[in-house]
Amino acid sequence: MDSSTTLVAAFLGLVEGLTEFIPVSSTGHLLLAGHFLGFESAGKTFEVVIQLGAVLAILTLYAGRLWSVFFTAPHDPQSRRFILSVLIAFLPAVFIGVLAHDFIKTVLFETPMLIAIMLILGGFILLVVDRIAPEPVHDDAMRFPISMALAVGFIQCLAMIPGVSRSGATIVGALMMGSSKRAAAEFSFFLSMPTMAGAFAYDLYKNRDVLDASAMGEIAVGFAMAFVSAVLVVRWLLGYVSKHGYALFGWWRIIVGTAAVAGLLTLG
C-alpha cells in the first residue's frame, strides 16, 4: 500500500466517522468520494468494514449504560425489554440484507447518480419531517414500544439504497412516530450496533477470497480514522439536535447531492 493510497484510505475513514451517525448517508459520501478519487476496493468491502470503527465508538461512549442494561437484564424487565426492542428492530435488516446483498453491492453501490439523487431527495424529506413531526411522546430511546422499534427496523431497510442514510431513515421514522429529536438519534445509535456489526461480518465472509494484505492495510487505516472521528461527532450531535433539530443536515444533503450530480454530468 503506497502513501497516496494510505492518505485516501485515511480521508475516507474520516468521512465515514464524521457522517455515520448524522443523517446524511455515510455510505453515499464514501462511494461518491471514492468514485471521484478513483478509489476501488475489492467487493466494495472497505466501505462496509470500516463502519465497524464507528460502531466501536458508540460502544466506547455508551459502555457504562450498556453494561448496566446487560448486568441488570436477568432481574429487570425494562432492561430485557430494551434489549428485545433493539433485536426486533434489527431483524428486518437481517432478512432483507442477506436476500438482497449481491444486488446491493453489484448494482446499487455501482450507481453514483442514484446515490446523488437519493441524497437530494432525502434532504428534502429531512427538512419537511423536521418541521411537521408530531409533538414527542417518547423521550427515552431505551423505552420505545416494541411495535415502534419494529417499525423503525423496517424503515431502516430503506437505507440499503446508498444515499438514503441508515441513521436518517431511523431518525425520520422515529420522529414521525412521536420520538423526541434526541431520543431518535440515540435509538439510531443503539440500532447501529447489531446492524453494522452484522453487515461487517456477512460482507467479510462473502468477500473473504478477494481480500489481500494491501486491502487489509487500507481497512485498518480507514477503521482507525472512522473510530476517532465518530467519537467526536457523537459527543457533539445529541446536544446539537436537541437545540437545533435536523435542518442543517437536510441542507447539507441537498448541497452535496447537487454538487455530485453536477460533477457526474461534467466528469462522468
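Two residues count as being in contact when heavy atoms of theirs lie within 4.5 Å. By that yardstick, 84% of the chain's contacts with a separation of 6 or more join residues 24 or more positions apart. The model behind these values is a predicted one.

As for the overall build, the chain is made of helices: twelve of them, with zero strands. Reading along the sequence simply gives α-α-α-α-α-α-α-α-α-α-α-α. The C-alpha trace spans about 50 × 40 × 35 Å along its principal axes. A compact globule of 268 residues would have a radius of gyration near 18 Å, and the chain agrees with its 18 Å. Of those 268 residues, 54% are buried.

Turning to the surface, the chain has an accessible area of about 12,000 Å², and carbon and sulfur atoms take up 72% of it. There are 15 positive and 17 negative charges, and the mean positions of the two sets sit 10 Å apart.

Helix 2 gives a closer look at one piece of the chain. It covers residues 26-37, and at 1.5 Å a residue these twelve should span 16 Å; the end C-alpha atoms are indeed 16 Å apart, so expectation and model agree. This helix is mostly covered, with nine of its twelve residues buried. The buried set runs through S26, T27, G28, H29, L30, L31, L32, A33 and G34. Their packing partners are helix 1 (3-19), helix 3 (45-49), helix 4 (51-61), helix 7 (112-132) and helix 12 (247-267). Just after helix 2 comes G38, which takes a positive phi of about 75°.

How values were computed
Residues numbered from 1 in each chain as written. Predicted model: local features only at pLDDT ≥ 70, side-chain atom pairs only at ≥ 80, totals over all residues. Heavy atoms only, no water. Helix = DSSP H or I, 4+ residues; strand = E, 2+ residues; numbered from the N terminus. Rg over C-alpha atoms; globule rule 2.2 N^0.38 Å. Buried < 20%, exposed > 50% of the residue type's maximum accessible area, 1.4 Å probe, protein only. Areas by Shrake-Rupley, 256 points an atom, 1.4 Å probe, with all protein chains shown as cover. Lys, Arg positive; Asp, Glu negative; His and termini not counted. Charge placed at Lys NZ, Arg CZ, Asp CG, Glu CD. Expected span 1.5 Å × (residues − 1).
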